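I opened this notebook to record what I looked up in the structure. The entries follow the order of my queries.

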Amino acid sequence: MTGSRVQPPYALLAELTHRCPLRCVYCSNPVELTRADSELSTADWSRVIAEAADLGVLQIHFSGGEPLLRDDLEQLINRAFRNGVYTNLITSGVGLDAARAESIARSGVNSVQLSVQAADPLLSNCIAGRNAFAAKQAAAQCLIAAGLPLSMNVVLHSLNIDQLESIVDTCVDWGADRIELANVQFYNWALLNRDLLLPTRDQLAKAESIYRSKKVELGNRVELIWIISDYHERYPKPCMGGWGRVQLTVSPDGKVMPCPVASTISTLSFESVKDRNLAWIWQRSPAFNQFRGFEWMPDPCRGCERRFEDFGGCRCQAFALTSSADRTDPACHLSPDHHLITGALKSVSTTETCEPLTDNEKIHAFQRMRYRQPP
């Protein structure tokens, strides 16, 4: 699958900045963040948006870091709107007031996704690395008052997964019409803190049961999404719908990648929109074509029928755990490197009656975490 045979991408993740007022312990942003003075200019981003529309992109997700820190956010959203592209803003909500929410609504944004870390304010603030819970609640109110559809995202891990029922109730109370329950994916800061964030199998099973119950309870009123934790699965998650098949990411400095964490694969070199047209990068760049199709696959992927479903799993996870992006994702139970997953699982409790951590135990866990330093 190379050159002219490549289908257009469905979505673009526009990481406008790596600056962020939070320092979440599970953050998927790079360990080495892009400096503010290296960010693409308004003109650069406007050109990228136009090229994305020409390429066939149907959705642009404006993210970060915290995209609210860009003064030109509304201008860029409006550029995408005028190009006929669906737009979604992904934000922590910190710094969002009524005036900014109304300004964003006028820019033509189609939806907003707000993150929340826990149902309990104390725990939420600990996870976020600052007192942000009240600001997030206020931001939700401002967005709804501005007439914007509200989606909420919660990253689930060992320290908050026992609050799942309360978390869903909180999101519903705040007015969310869509809730994304994203089990933590172990890259960057989450991988550095994996031993403290990885839930037990018992915790995950209880959470899945609550998710199913809540999905029935909420029916069509609120869309509830569950993103799997493949450390506890027999097979890996699909690699972003397949490497270079569905979407692409543009980082704050203009680097173009198949997914937000692909820059962790140090054996690949990614092109920049400063040097190449977005269409050329998507269709012809060596990095995007490296893991397209099935020819690159080693055994057992090469002869496995599931290669059409999971595409060999996640290339970033394979590299993070084995130092080789060409290997079968260790999350697969058939992978020769699966012991790297089972070994990690052995480091957490596997009892069938795992009790939630006490507040003191959680505080002790946070004292052992590694954090991104504030900007």
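How much area does the chain expose, and what share of it do carbon and sulfur atoms supply? I noted an exposed area of about 16,000 Å², of which carbon and sulfur atoms supply 49%. Accessible areas come from the Shrake-Rupley method with a 1.4 Å probe, and for residues only the protein chains shown count as cover.

**Basis of the entries**

I recorded that this is a predicted model, in which local features need pLDDT of at least 70 and side-chain atom pairs count only at pLDDT 80 or more, while totals for chains, interfaces and linings use all residues. Residues are numbered from 1 along each chain as its sequence is written, and side-chain values use heavy atoms, with hydrogens and water left out.

**Overall form**

I looked up the radius of gyration, taken over C-alpha atoms. The chain has 20 Å, which agrees with the value near 21 Å for a compact globule of 375 residues; the globule rule is 2.2 Å times the number of residues to the power 0.38. Along the principal axes, the C-alpha atoms fill a box of roughly 55 × 55 × 40 Å. I found 15 helices and 9 strands in the chain; these are DSSP runs numbered from the N terminus, helices being H or I with at least four residues and strands E with at least two.

Buried residues make up 54% of the 375. Buried means under 20% relative accessible area, exposed over 50%, and partly exposed in between (1.4 Å probe, protein chains only). Of the contacts (heavy atoms within 4.5 Å) with a separation of 6 or more, 73% join residues 24 or more positions apart.

**Nonpolar cores**

A nonpolar core is a set of buried Ala, Val, Leu, Ile, Met, Phe, Trp, Tyr and Cys residues joined through side-chain atoms within 4.5 Å. The largest holds 62 residues, and those touching the most other members are Ile60, Phe62, Ile104, Leu181, Val250 and Leu278. Another core, of 28 residues, lies apart from it and includes Leu22, Leu197, Ile341 and Ala344. I then listed the contacts of Ile60 beyond four places in sequence; among them are Leu12, Ile49, Val85 and Tyr86.

**Val168 and His157**

Val168 lies in helix H6 and is buried, with a relative accessible area of 1%. Beyond four places in sequence, Val168 touches Ile179, Leu181, Lys214, Leu218 and Leu224. I also looked up Val168 and Tyr211, which are 43 residues apart in sequence and 8.7 Å apart from C-alpha to C-alpha.

Where is His157 found? I located His157 in the loop between strand S5 (150–156) and helix H6 (164–173). His157 counts as buried because its relative accessibility is 0%. Outside its neighbours within four places, His157 is in contact with Tyr26, Ile127, Val184 and Leu197.

**Backbone entries**

I noted a cis peptide bond between Gly64 and Gly65, with omega about 15°; Gly65 is in the loop between strand S2 (59–63) and helix H2 (73–82). The bond from Asp299 to Pro300 is cis, with omega near 10°, and Pro300 is in the loop between helix H11 (286–289) and helix H12 (307–310).

Is Phe311 buried or exposed? Phe311 counts as buried, at 13% relative accessibility. Phe311 is not a glycine, yet has a positive phi of about 55°. Ser323, likewise not a glycine, has a positive phi of about 70°, and counts as exposed at 57% relative accessibility.
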